[in-house]
Amino acid sequence: MRALVVDDSRFVREYLHSLFARRGVPCVEAADGSEGLDCLRQLGPFEFALLDWNMPVMSGIKMLREARADSLFDQTRMIMMTTEAENDHIEAALEAGADEYMVKPFDEEGLFEKLRMAGVEGI
Ligand SMILES: [Mg+2]
């Protein structure tokens with residue numbers, strides 16, 4: 001199992017990386033959606049990807065739409081992360097093909113619960 005973390009905040013990337021490392025899940029980090037797509041294409045397959053919504057260069061929602069347009073990534077669970085809890089954001093994410101939606105801030109328990117809800121098994 002491998003994870004992809006896409007967030008422009010180094011703090012968030014390192015936090016998630018450390019949570020996955022403790023569970024023995026290797027984790028690749030990207031700082032924007034464009035880098036995230038490159039990682040999917042060049043370093044995949046990934047079991048799941050966590051996508052921040054607001055990022056420079058390419059947002060998480062745009063990355064999600066591009067990734068979901070490519071059947072190569074059908075098996076990769078995608079979870080959107082954002083501080084925005086408005087219903088229209090959640091709907092947009094689900095319509096774009098997100099498996100789950102997670103509102104920041106979240107804790108370790110909340111993260112792994114969401115991953116299981118997204119269908120990531122054995123984590
Ligand atoms: Mg951000």
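## A tour from H89

Start by selecting H89. Leaving out residues up to four places away in sequence, H89 touches T82 and E84. Contact here means that the C-beta atoms of two residues, placed from the backbone, lie within 7 Å. The model is predicted: local features need pLDDT of at least 70, side-chain atom pairs count only at pLDDT 80 or more, and totals for chains, interfaces and linings use all residues. Numbering starts from 1 along each chain as its sequence is written.

Stay on H89. The residue sits in helix 4, which covers 87-95. Helices (H or I, at least four residues) and strands (E, at least two) are DSSP runs, numbered from the N terminus. Is H89 buried or exposed? With 17 other C-beta atoms within 10 Å, H89 is partly exposed. The scale is this: buried takes 20 or more other C-beta atoms within 10 Å of the residue's own, exposed takes 12 or fewer, and partly exposed is in between, with C-beta atoms placed from the backbone.

**Whole chain**

Zoom out and colour by secondary structure. The protein chain has five helices and five strands. From the N terminus on, they run β-α-β-α-β-α-β-α-β-α. The C-alpha trace spans about 35 × 30 × 25 Å along its principal axes. A compact globule of 123 residues would have a radius of gyration near 14 Å, and the 13 Å of this chain agrees. That radius is taken over C-alpha atoms, and the globule rule is 2.2 Å times the number of residues to the power 0.38. Buried residues make up 33% of the 123. Of the contacts with a separation of 6 or more, 59% join residues 24 or more positions apart.

**The sheet**

Select the strands. Five of them form an open sheet in the order 2-1-3-4-5, with parallel pairing. At the edges are strand 2 and strand 5, each paired on one side only. From one strand to the next, the twist averages 20 degrees. For such angles, axes are lines fitted to C-alpha atoms (for helices, over the stretch in contact), and values run from 0 to 180 degrees between N-to-C directions. Strands count as paired if DSSP finds at least two bridges between them.

Go to one edge. Strand 1 and strand 2 pair in the parallel sense over four bridges. A3 stands opposite C27 in strand 2. Now look at the two faces of strand 2: V28 and A30 are on the covered one, C27 and E29 on the uncovered one. In a regular strand the side chains alternate between the two faces of the sheet.

Cross to the other edge. Four bridges join strand 4 to strand 5, again in parallel. Here T82, a contact of H89, stands opposite V103 in strand 5.

**The core**

Select L4, L51, I79 and M80. Within the largest nonpolar core, of 29 residues, these have the most contacts. Such a core is a set of buried Ala, Val, Leu, Ile, Met, Phe, Trp, Tyr and Cys residues joined through C-beta atoms within 7 Å. Elements giving two or more residues to this core include strand 1 (3-6), helix 1 (10-22), strand 3 (48-52) and helix 3 (60-68). Centre on M80. Beyond its neighbours within four places in sequence, M80 is in contact with L51, W53, G60, L64, A93, A98, Y101 and M102.

**Helix 3**

Which residues of helix 3 are buried? Pick out G60, I61, M63, L64 and A67. Look down the helix axis: these residues fall within an arc of 160 degrees, so they line one face. The arc is that of the directions from the helix axis to the C-beta atoms. Their cover includes strand 1, helix 2 (33-43), strand 3, strand 4 and helix 4. The C-alpha atoms of I61 and H89 are separated by 9.5 Å, at 28 residues apart along the chain.

**Loops**

Move to the loop between helix 2 and strand 3, where F46 is placed. F46 is buried, with 22 other C-beta atoms within 10 Å. Outside its neighbours within four places in sequence, its contacts are R2, A3, L4, L40 and T76. P45 lies in this loop too, and the peptide bond from G44 to P45 is cis, with omega near 5 degrees.

Next, select P105, in the loop between strand 5 and helix 5 (108-117). The K104 to P105 bond is cis, with omega near 0 degrees.

Finish at V57, in the loop between strand 3 and helix 3. Its phi is positive, near 70 degrees. Most residues other than glycine have a negative phi, and most peptide bonds are trans. V57 is partly exposed, with 13 other C-beta atoms within 10 Å.
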